[in-house]
Amino acid sequence: MSGDRPDPREEQVRRMLDGPHPVLPPDLAARAARRGGRRLRWRRAAHRTAVWLLAALLVAVLVWAGFEQPWTAEPAQVTPPLEGW
């Protein structure tokens, strides 16, 4: 593009910004604040629930490991050979 010709997209954006602006509802800020508050409470509740579920899972794994003791070797299932009969 040459430097002496204005960009048509730029001109279109300028016309849009210079034109009449839409009228906003007077309670827009209050509605946005209520919605943001609800989202924040929902997010905090979800986070709190996830933390409790992870803690319960950790306790369950620790209890299971305490009873099962997976780090110990299993007892042998084979009897030694009989000799001297």
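Start by selecting Arg14, which is partly exposed at a relative accessible area of 46% (buried means under 20%, exposed over 50%, partly exposed in between, with a 1.4 Å probe and protein chains only). This is a predicted model, where local features need pLDDT of at least 70 and side-chain atom pairs count only at pLDDT 80 or more, while totals for chains, interfaces and linings use all residues. Residues are numbered from 1 along each chain as its sequence is written, and side-chain values use heavy atoms, leaving out hydrogens and water.

Now add Glu10 to your selection. Its side chain meets that of Arg14 in a salt bridge, 2.8 Å from N to O (a side-chain nitrogen of Lys or Arg within 4 Å of a carboxyl oxygen of Asp or Glu). The two residues sit four apart in helix H1, residues 8–18, so about one helical turn separates them (helices are DSSP runs of H or I with at least four residues, strands runs of E with at least two, numbered from the N terminus). Glu10 is partly exposed too, at 40% relative accessibility.

Next, pick Asp7 and Arg9. Their side chains form a salt bridge of 3.9 Å, N to O, and Arg9 is exposed at 59%.

Move on to Asp27 and Arg31, whose side chains meet in a salt bridge of 3.8 Å, N to O. Arg31 is partly exposed at 38%, and Asp27 is partly exposed at 38%. How many salt bridges does a search of the whole structure find? It finds three.

Finally, zoom out. The protein has two helices and zero strands, and its C-alpha atoms fill a box of roughly 110 × 45 × 15 Å along the principal axes. Buried residues make up 5% of the 85 residues.
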